[in-house]
Amino acid sequence: MSLAWRDIRHNFGRFLLTCVGLSLLLGVVLSMIGIYRGLVEDALALVRGLGVDVWVVEADTRGPFAESSRIPGDSREAVARIRGVAAAGAITLQTVETLHGGRQLRLQLVGYQLGRPGGPASIAVGRGIARAHFELVADASSGLQPGELLRLGRDVYRVVGLTRGQVASGGDPVAFLTLRDAQALQFELAPPSARRERARGADPAASDTVNAVVARVSAHVAPTAVAADIRRWKHLQAMTQADQELLLTRSVVDRARKQIGLFTVILMMVSAVIIALIIYTMTMDKVREIATLKLIGAPDRTIVGLIVQQALALGLIGLGLGTALIFLVKDWFPRRVILSVEDAIALTAVVLVVCVLASGLGVRLALRIDPATALGS
Amino acid sequence: MRHADPLIELDSITKHFGEGEARVDALRGVSLTIAPGEVVGLLGPSGSGKTTLLNIIGCILEPSSGRMRLDGELLFDGRWQRADLRRLRLDKIGFIFQAHNLMPFLDAHDNVALVLHLAGQSGAEAAARADELLDYLQVGHRRRAMPASLSGGEAQRVAIARALANRPRIILADEPTAALDSERAGIVMDLLRRLAREQEAAIVVVTHDEKIFPRLDRMFMLRDGRLVDGGARP
Ligand SMILES: Nc1ncnc2c1ncn2[C@@H]1O[C@H](COP(=O)(O)OP(=O)(O)OP(=O)(O)O)[C@@H](O)[C@H]1O
Ligand SMILES: [Mg+2]
């Protein structure tokens with residue numbers, strides 16, 4: 001016969017209400033972790049989405065995401081000739097803001113060369129870019145639909161396909177277009193400025209600038225070796241996919257991690273204090289019953305069990321409700337919230353430990369209760 | 001009086017609380033013996049030491065000096081002679097309270113079964129024994145009722161069933177009839193008398209209730225921590 005469960009059942013409404021209150025708190029803890037996971041995932045989504053092995057950028061920079069990088073477009077040919085490189089493609093990156101359907105739409109544009117690395121790894125809806133100009137593949141999170149027209153700069157693009165989960169580290173949806181279109185958008189000046197520049201004798205060929213060259217290596221070739229070769233021979237910075245991910249995690253995510261981590265710890269501490277107070281109050285309400293149990297000869301183990309089991313039930317039910325709640329609302333968050341089973345298990349373990357520790361106060365009180373108090377009226 | 005070995009033997013038990021100015025001598029050398037089958041009353045004005053004495057016999061309060069034997073076992077001789085007093089209480093002593101002190105979250109049956117579980121009985125065994133006791137105390141029909149829905153008399157009878165569950169040889173009751181009307185009080189006292197006879201138990205009842213005096217075998221009168229009337233028949 002479980003005294004803890006019987007007591008809970010006897011005051012079920014009150015217990016459930018307490019659990020619901022706690023579930024909101026633990027739900028916030030879980031969503032903080034989910035927001036952090038989403039942040040990391042988003043930050044790496046674009047880098048991973050291209051599915052390449054080596055990133056080549058301007059010398060002495062940590063581009064193209066953490067720092068800006070500009071290299072000549074013909075660097076691609078040089079990289080493609082390196083031993084072990086299976087395919088290489090030039091890409092440009094830029095952020096644009098445009099008006100669409102009456103609202104401001106921010107996009108992370110990726111210009112790539114058709115048939116070369118740097119394009120979308122998979123198309124969820126519609127098709128990939130087939131024509132050399134004015135076609136766009138956008139991420140579904142932009143709200144764009146296949147067939148829609150979108151004005152970028154001086155030209156109008158047609159959305160031909162959608163990707164999923166492709167966002168930039170800031171959360172902006174990614175849109176792919178051809179390298180030529182992207183270069184025109186990024187580097188070509190409006191006609192009056194262009195005339196002025198030409199009058200100054202500037203070289204129009206300088207518009208063949210890209211932000212990075214990405215490459216896939218042949219089977220059984222180590223990306224680190226290829227990256228080292230490129231660094232040695234081409235006076236360009238080259239890093240592997242793993243380096244690039246690490247760089248992004250460090251530069252973009254690290255501070256957010258500390259911020260969210262600290263906040264999560266504070267929330268866990270608040271939860272611990274609240275659980276301790278709830279358990280203490282629940283124990284206070286049972287002083288007479290506990291004194292009676294001691295008087296009739298129940299061992300301490302029975303009394304400690306009563307309190308600790310209730311603390312654990314409180315924590316687990318609260319966490320369960322909190323998880324369900326966050327699961328239901330997570331898609332309404334403006335940025336991605338990722339709930340992973342591992343995190344849920346880890347949080348469960350932490351909550352269990354916190355519950356046991358938090359019940360210490362109640363247990364202390366219970367063990368000090370004088371059995372003689374049961375005899376009074 | 002029977003000629004069996006006494007169940008409760010107190011020899012010069014004293015108890016004081018506090019020291020110096022604040023010292024209160026609650027018991028100043030109490031000696032008494034109670035035999036199996038006896039129902040004795042503990043009487044006295046407020047503050048005379050009745051509850052203190054009952055707590056000492058119940059092993060929840062340590063005497064300051066003296067010797068105490070329960071069921072032949074020397075339990076106190078200047079200090080406790082045994083570590084697991086709780087187990088002793090579970091097996092040998094039944095408590096009946098002024099308020100019934102039932103667990104509010106357990107029904108009548110499970111309140112009784114609880115002490116059987118604590119003593120290590122299996123579920124089916126304990127359930128059968130609890131049913132038997134509730135029937136014996138004529139509250140069997142209320143076995144699934146929660147304490148809050150029991151009348152005062154019913155609750156007290158369930159509490160008595162709980163006190164009897166482990167067949168204790170010593171039953172201690174502090175004002176067991178205070179919450180009952182005189183008819184109910186009479187029924188409870190008759191029941192305790194019958195139990196004392198049938199189970200060869202010693203029953204100590206602290207009471208102010210004159211109506212139950214005729215149902216006591218002997219009465220001990222306490223005044224200022226001393227027995228002034230060492231067990232007169234009422
Ligand atoms: N824990 C304690 N600390 C200090 N003094 C105590 C304590 N318990 C009892 N006393 C004192 O010991 C004396 C005897 O108390 P006890 O409770 O035994 O009296 P009682 O006969 O049961 O009285 P009542 O009829 O009012 O219940 C009283 O003077 C009381 O104030
Ligand atoms: Mg008293």
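This tour visits chain A as a whole, then one of its helices, then its cysteines, and finally a proline in chain B. The model is predicted.

**Chain A as a whole**

Begin by selecting chain A and showing it as a cartoon. The chain contains 10 helices and 12 strands. The radius of gyration of chain A is 30 Å, well over the 21 Å that the globule rule gives for 377 residues, so chain A is more spread out than a compact globule. Turn the view along the principal axes: the C-alpha atoms occupy a box of roughly 105 × 50 × 35 Å.

Next, display the surface of chain A. About 18,200 Å² is exposed, and carbon and sulfur atoms supply 58% of that area. Of the 377 residues, 47% count as buried. If contacts between residues at least 6 apart in sequence are considered, 77% of them join residues at least 24 apart.

Now colour the charged side chains of chain A. There are 41 positive and 31 negative ones. How far apart do the centres of the two sets lie? The separation is 2 Å.

**Helix α1 of chain A**

Select residues 3–10 of chain A, which form helix α1. Its buried residues are Leu3(A), Ala4(A), Arg6(A), Asp7(A) and Ile8(A). Against which elements do the buried residues of α1(A) pack? Within chain A, they pack against α2 (12–49), α8 (287–296) and α9 (300–329). Add chain B to the view, since the list also includes α3 (108–118) of chain B.

**The cysteines**

Select Cys355(A) next. This residue is buried, with a relative accessible area of 0%. The closest cysteine sulfur belongs to Cys19(A) and lies 9.8 Å from the sulfur of Cys355(A), which is too far for a bond. A disulfide is a covalent bond between the sulfur atoms of two cysteines. A search of the whole structure finds 0 disulfides over all chains. Then move to Cys59(B), which is also buried, with a relative accessible area of 3%.

**Pro6 of chain B**

Finish at Pro6(B), located in the segment before β1 (8–17) of chain B. Is Pro6(B) buried or exposed? Pro6(B) is partly exposed, with a relative accessible area of 27%.

Show the surroundings of this proline. Leaving aside residues up to four places away in sequence, Pro6(B) touches Thr33(B), Ile34(B), Ala35(B), Pro36(B) and Gly72(B). Take Thr33(B) as one of these: Pro6(B) and Thr33(B) are 27 residues apart in sequence, while their C-alpha atoms are 6.2 Å apart in space.

Technical notes
Residues are numbered from 1 along each chain as its sequence is written. Chains are lettered from A and ligands numbered from 1 in the order in which they are written. This is a predicted model: local features need pLDDT of at least 70, side-chain atom pairs count only at pLDDT 80 or more; totals for chains, interfaces and linings use all residues. Side-chain values use heavy atoms; hydrogens and water are left out. Helices (H or I, at least four residues) and strands (E, at least two) are DSSP runs, numbered from the N terminus. The radius of gyration is taken over C-alpha atoms; the globule rule is 2.2 Å times the number of residues to the power 0.38. Buried means under 20% relative accessible area, exposed over 50%, partly exposed in between (1.4 Å probe, protein chains only). Contact means heavy atoms within 4.5 Å. Accessible areas come from the Shrake-Rupley method with a 1.4 Å probe; for residues, only the protein chains shown count as cover. Lys and Arg count as positive and Asp and Glu as negative; His and the chain ends are not counted. The place of a charge is taken as NZ of Lys, CZ of Arg, CG of Asp or CD of Glu. A disulfide is a pair of cysteine sulfur atoms within 2.5 Å.
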